[in-house]
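This note is intended for a colleague meeting the structure for the first time. Please read the numbered points below with the sequence and the model in view.

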Amino acid sequence: MSQVTAIIGLGNPGAEYDATRHNAGFWLVDAIARSAHTELRPEKKFLGLYAKARIGDQDVHLLNPSTFMNRSGAAVAALTQFFKLTPENLLVAHDELDLPPGQARYKTGGGHGGHNGLRDIISALGNQNTFHRVRVGIGHPGEARQVTNYVLGRPGKADQEAIEHALDECQATLPFVLKGEWAKAMNRLHSVK
């Protein structure tokens with residue numbers, strides 16, 4: 001399995017979206033940058049906020065696209081082309097309706113599951129869906145027609161704390177991910193309650 005060398009967060013740009021559930025992917029990449037004592041800075045050629053971070057003994061590209069969620073693919077394609085990365089080098093962090101707040105799961109490949117950011121990335125990568133994902137649980141509002149307002153809304157205090165706990169656990173498993181030790185990473189992350 002190819003080594004992960006880039007971590008991409010999904011979300012929407014702008015202050016009005018910063019604290020919304022749909023930006024859980026951004027939150028993880030922001031937290032990784034803080035832990036690595038680096039700062040995401042605007043980078044036009046990658047259509048987003050970019051930083052190079054040292055995690056353990058590996059350099060990793062961090063990117064939060066500054067395009068809207070449903071146009072995330074352009075930023076991902078720009079990064080992969082510039083650094084000659086394959087889809088298997090990517091770990092994409094995104095919000096996940098099908099997991100409760102406080103849970104996160106790794107996944108490799110598969111469809112977009114209705115997630116517009118993933119749909120656009122798969123399309124921009126020439127319909128290759130073999131990249132890795134970290135699915136950050138935000139819970140589900142219960143009815144499909146409520147999903148848009150829900151993901152673009154802010155979580156309550158308890159949900160926010162649960163999501164932040166999951167993000168901490170994601171970070172704790174990154175050293176395993178970067179070494180390609182997916183079983184160890186999954187065993188730890190997937191056992192978090």
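1. The place to begin is N23, which is buried, with a relative accessible area of 1%. Because the limit for a buried residue is under 20% relative accessible area, N23 falls within that class at its 1%. The model under discussion is a predicted one.

2. As for its setting, N23 belongs to the loop that runs between β1 (6-9) and α1. Leaving aside residues up to four places away in sequence, N23 touches L10, G11, N12, Y17 and D18.

3. N23 also leads to the second largest pocket, whose volume is about 170 Å³. The residues lining this pocket are P13, D18, N23, F26, W27, D30, L49, N64, P65 and S66. Two or more lining residues come from each of α1 (24-35) and β4 (58-65). The largest share, three residues, is supplied by α1. Sorted by class, the lining of the second largest pocket holds five nonpolar, three polar and two charged residues.

4. The largest pocket has a volume of about 530 Å³. It is lined by 25 residues, and those closest to its centre are H22, L97, G114, H115 and N116. The elements contributing two or more residues to this lining are β5 (90-96), α3 (116-124), β7 (132-137) and α4 (147-151). By class, the lining of the largest pocket comprises eight nonpolar, eleven polar and six charged residues.

5. Which residues of α3 are buried? They are G117, L118, D120, I121 and I122. An α-helix has 3.6 residues a turn, so residues three or four places apart point the same way. The buried residues of α3 pack against α2 (72-83), β5 and β7. Of these partners, β5 and β7 also appear among the elements that give two or more residues to the lining of the largest pocket, as does α3 itself. After α3 comes G126, with a positive phi near 70 degrees.

6. The helix α2 deserves a point of its own. It has twelve residues and reaches 17 Å from its first C-alpha to its last, which is close to the 16 Å expected at 1.5 Å a residue. Its buried residues are S72, G73, A75, V76, A77, A78, L79 and T80. These pack against β1, β3 (48-55), β4, β5 and α3. Just after α2, K84 adopts a positive phi of about 55 degrees.

7. Is S191 buried or partly exposed? S191 counts as partly exposed because its relative accessibility is 45%, and that class lies between the 20% and 50% limits. S191 is placed in the segment after α6 (182-189).

8. The side chain of S191 makes two polar contacts that merit inspection. One reaches the backbone oxygen of N187 at 3.0 Å, and the other reaches the backbone oxygen of R188 at 2.9 Å. With respect to a part of the chain 155 residues away, the C-alpha atom of S191 is separated from that of A36 by 25 Å.

Terms used. Residues numbered from 1 in each chain as written. Predicted model: local features only at pLDDT ≥ 70, side-chain atom pairs only at ≥ 80, totals over all residues. Heavy atoms only, no water. 1 Å grid on protein atoms, 1.4 Å probe; cavity = no way out; pocket = protein on both sides within 12 Å on 5 of 7 lines; lining within 4 Å. Points joined across faces, edges and corners; volume = space filled by probe spheres on them. Helix = DSSP H or I, 4+ residues; strand = E, 2+ residues; numbered from the N terminus. Nonpolar A, V, L, I, M, F, W, Y, C, P; charged D, E, K, R; others polar. Buried < 20%, exposed > 50% of the residue type's maximum accessible area, 1.4 Å probe, protein only. Contact = heavy atoms within 4.5 Å. Expected span 1.5 Å × (residues − 1). Polar contact = N/O pair within 3.5 Å; in protein donor to acceptor, adjacent residues only side chain to side chain.
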